[in-house]
Amino acid sequence: MIHSLRGFRDILPPDSERFTAIEAAAREVFSLYGYHEIRIPTLEARELFVKSTGDTTDIVQKEMYAFTDQGGREIAARPEGTPGVVRAYIENNLAQSGGNGKFFYIGSMFRAERPQAGRYREFEQIGAECIGAHSPFADAESISLLMEILSKAGVSGCLAELNSLGCAECRAAYRAELLAYLKANTAALCPACQARLERNPLRALDCKLDGPRLALAAPCVKLCPNCLDHFSRVQELLSSSNAQFRINKSLVRGLDYYTRTVFEVKTGALGSQDAIAGGGRYDDLVKSMSGPDAPAVGWALGVDRLALLTKDAAATPAATQVFVICAQPAGVEASAKAFALLGELRAAGIRTDFSDFGLSLKSQLRSADKSGASLALILGEEEVKNSVYTLKFLKEKKDQRTVPAAGITPVIRAALSQ
Ligand code: HAM
């Protein structure tokens, strides 16, 4: 047989129900915050990610699913959503269209990482991008939005780690200081960090090998007065909105476009794949992609990881309520009536199911029990003749009675609420 690819998985019920519940919780909170859904393509020009995510990042250098298509074009399966949203914003002239620039997306991302629990090659992100806002209110709102979605999805008590990487000027000064430090310690760096040292010294800080050690020893960013003021304001606003956070001076994030505020939400419950969500400000990205001068802030959360965290808590799937059974020997008329009954109950909003009207009564009752339904409606030739159904309680009482076929919906509603 043909197996699924390594790192690509089927999400089966009830896990799939958990994904749906997380998405529904997120949609509800997004609408409270004035965010609107954007659907962007799965495949984009490879160059989009090289220019935005960054050509020295692990994501672009090692993890991208990239290929040349039939027309000789260099294509990549999106490893993250931000570059596509920014491209769509510029290409569709959204800055001019009067919208508020607040977008959310839900979809698969692709990274050829080494698979393990909580780390997959196809994974789902829920992401939020607020484009066109420079004030610290936007940062604080974006982080509060993330925390509220996590809490609504059933993960309470999350703590956001926060840092500021400063603006282009702070970064230039920092780059020089960090480069000097790393050059003095080159021998201790992994080959990849040595190779990209001159082009992007910052990447050493989020390298899986060198990062943890450098976090303790390497110099930190020194913020200019404006960036310092912005960062202090973000912290004040978060404190007043009761979002739980702490400062982590060595948080740099693994993508190139960040400026000023960066943040990550981690959990101790998922082993080494501890990041549930991450994001930050990217004030220069839209402009650098040939768009307007539009500062922005956003984040993405990993739905697969959130689903692992909420495994025992939220989202038990909505079970079938009524099981329709057409008992043998049932004629064509009885099974046609039973089929119509399914439609009638479903139209009334009652979760209704059946197995196979041709099977024995015993077998259909077994399926009814397995479905979790609390009621069975049984229809045979006798019932058709007398225009009735047999209503059987499948849970505690297990008794049954005859009910008129006409006006069945209120009878079922009443029986369900007993
Ligand atoms: P990221 O930190 O690369 O940021 O990914 C965000 C989240 O996606 C992670 O915290 C994690 O939960 C989840 N994730 C990443 N890789 C995997 C994987 N292989 N398997 C399962 N889950 C994974 C971004 O993607 C940025 N675009 C966030 C952003 C939006 N920044 C500004 N706007």
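# Exercises on a predicted model

The largest cavity has a lining made up of Asn163, Tyr174, Leu205, Leu214, Ala215, Ala218, Pro219, Cys220, Val221, Lys249, Ser250 and Val252. The structure is a predicted model, and the exercises below begin with this cavity.

**Exercise 1.** State the volume of the largest cavity and determine how the residues of its lining divide into nonpolar, polar and charged.

*Solution.* The volume of the largest cavity is about 70 Å³. Next, sort the lining by class. Lys counts as charged, and Lys249 belongs to the lining. Asn163 and Ser250 also belong to the lining; Asn and Ser fall among the polar residues. The division is therefore 9 nonpolar, 2 polar and 1 charged.

**Exercise 2.** How many cavities of 30 Å³ or more does the structure hold, and which residues line the second largest cavity?

*Solution.* The structure holds 2 cavities of 30 Å³ or more. The second largest cavity contains about 30 Å³ of space. Its lining consists of Asn163, Ser164, Cys220, Val221, Leu223 and Lys249. By class, these are 3 nonpolar, 2 polar and 1 charged residues. Asn163, Cys220, Val221 and Lys249 appear in this lining and in that of the largest cavity.

**Exercise 3.** Explain why cysteine 224 is in no disulfide, and decide whether cysteine 224 is buried, partly exposed or exposed.

*Solution.* A disulfide requires two cysteine sulfur atoms within 2.5 Å. A search of the whole structure finds 0 disulfides. For cysteine 224, the nearest cysteine sulfur is that of cysteine 170, 3.6 Å away, so the pair does not meet the cut-off of 2.5 Å. As for exposure, a residue is buried under 20% relative accessible area and exposed over 50%. Cysteine 224 has a relative accessible area of 23%, and therefore counts as partly exposed. Cysteine 326, in contrast, is buried, because its relative accessibility is 0%.

**Exercise 4.** Into which domains is the chain divided, and what distance separates their centres?

*Solution.* Domain 1 comprises 15-166 + 223-309, and domain 2 comprises 322-417. Taken over C-alpha atoms, the centres of domain 1 and domain 2 are separated by 49 Å.

**Exercise 5.** Identify the buried residues of helix H13, the strands against which they pack, and the residue that follows the helix.

*Solution.* Helix H13 covers residues 361-371, and its buried residues are Ser363, Gln364, Leu365 and Ala368. These buried residues pack against strand S12 (322-326) and strand S15 (388-393). After H13 comes glycine 372, which has a positive phi near 85°.

Note on methods
Residues numbered from 1 in each chain as written. Predicted model: local features only at pLDDT ≥ 70, side-chain atom pairs only at ≥ 80, totals over all residues. Heavy atoms only, no water. Buried < 20%, exposed > 50% of the residue type's maximum accessible area, 1.4 Å probe, protein only. Domains from an automatic or database assignment. Helix = DSSP H or I, 4+ residues; strand = E, 2+ residues; numbered from the N terminus. Contact = heavy atoms within 4.5 Å. 1 Å grid on protein atoms, 1.4 Å probe; cavity = no way out; pocket = protein on both sides within 12 Å on 5 of 7 lines; lining within 4 Å. Points joined across faces, edges and corners; volume = space filled by probe spheres on them.
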